[in-house]
Amino acid sequence: MSLTVQQQKLYKSGLVYALISYGIWGVFPLYWKMLLHVPAQQILAHRIVWSMVFLFLMLIWRRDRIFIQYLSSPKILGTLVLSGAFIGINWFTYIYAVNSNHIVEASLGYYINPMVNVLLGVVFMKERLSRMQLIAVAFAFAGVAYLTFHYGRIPIISLILAFSFGIYGLIRKKANLQSMPGLMVETLLLAPVALWYLWHVNTLGTGAFGHDSNLSDILLILGGPVTALPLFWFGIAATRIPLSTLGFIQYLSPTIQLLIGIFVFSEPFDSAYMISFGLVWIGLGIYTYSVILAIKRRLE
């Protein structure tokens, strides 16, 4: 079935938005590394506060006041407190991973995230796994198990990133709330704790903001739009291109992170990592193929 000129334009713009959003997420390590001298807890607190401010201004500019409805609903607020906690855990773990030289391990977390989503769908959404999806999950599990066996430790950063983002996505999927207003309320709910923490470290004389360099202050403030804009562009892309296409593009982010970790920051990538990643990549290939087959069947 041929696409109209308008549909082609939307598809092309959707591809651009998807590539930009996942590309920005991919180069995040370069950004957070510039704040290496700032404790991860302070970076997280600033990211929450400035994201809230930026999102609020953006929603007002777009005349989108649905977040007010969210704030007036106790049920929605309870849901967003929970989802906000998981996205906060994800943000902190990622910042910690980057600034403690675990970018490669962080990228593994986002590679296995699709399989975690499959498992969460089975447990909480009563979804059924196809045979190919079972095989894909088995390969991903084998990759994590091999790394655990070889090093004698669980790749905890990878698992926290994969499960925190997976559970966050699950909560938001079940709540069925708009992305941008929902994130604004999540950051608003987390902001009091973040602001108290920043006030506390400032009174102790250990706060970085206003006591380091102007560049550090600017980078901390820009953490708001750097967080919100890729999410906004991703939301646009998700409405303009097929899920299968978006599924392929999502691997751009951890791939860029992996390359940055290895070639820019010289993190180790020995044979154990190669085998572990190889098993996960095989699982991802099988999973992606199963998604494409499922979509084709629906269209027949």
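**An all-helix pattern and a nonpolar surface patch**

Reading along the sequence of this chain, one passes through the pattern α-α-α-α-α-α-α-α-α-α-α-α-α, and the count that goes with it is 13 helices and zero strands. I should say at the outset that what we have here is a predicted model, and that the values I quote are computed from it.

Let me turn to the overall dimensions. The C-alpha trace spans about 60 × 50 × 35 Å along its principal axes. The radius of gyration is 20 Å, which agrees with the value near 19 Å that a compact globule of 300 residues would have.

As for the interior, buried residues account for 46% of the 300 residues in the chain. If we take the contacts with a separation of 6 or more, 86% of them join residues that lie 24 or more positions apart.

On the outside, the chain exposes about 15500 Å², and 69% of that area is supplied by carbon and sulfur atoms. Within this surface I would like to point to one nonpolar patch, of about 460 Å², which is made by Val-27, Leu-30, Leu-259, Phe-263 and Val-264. Which helix gives the largest share of the nonpolar patch? That share, three residues, comes from helix H12, which covers residues 252-264.

Val-264, one of the residues that make the patch, is found in helix H12. With a relative accessible area of 48%, Val-264 is classed as partly exposed, because that class lies between the buried limit of under 20% and the exposed limit of over 50%.

Technical notes. Residues are numbered from 1 along each chain as its sequence is written. This is a predicted model: local features need pLDDT of at least 70, side-chain atom pairs count only at pLDDT 80 or more; totals for chains, interfaces and linings use all residues. Side-chain values use heavy atoms; hydrogens and water are left out. Patches are made of residues with over 30% relative accessible area and no salt bridge: like charges are joined within 9 Å, nonpolar side chains (Val, Leu, Ile, Met, Phe, Trp, Tyr) within 5 Å. Accessible areas come from the Shrake-Rupley method with a 1.4 Å probe; for residues, only the protein chains shown count as cover. A salt bridge is a side-chain nitrogen of Lys or Arg within 4 Å of a carboxyl oxygen of Asp or Glu. Helices (H or I, at least four residues) and strands (E, at least two) are DSSP runs, numbered from the N terminus. Buried means under 20% relative accessible area, exposed over 50%, partly exposed in between (1.4 Å probe, protein chains only). The radius of gyration is taken over C-alpha atoms; the globule rule is 2.2 Å times the number of residues to the power 0.38. Contact means heavy atoms within 4.5 Å.
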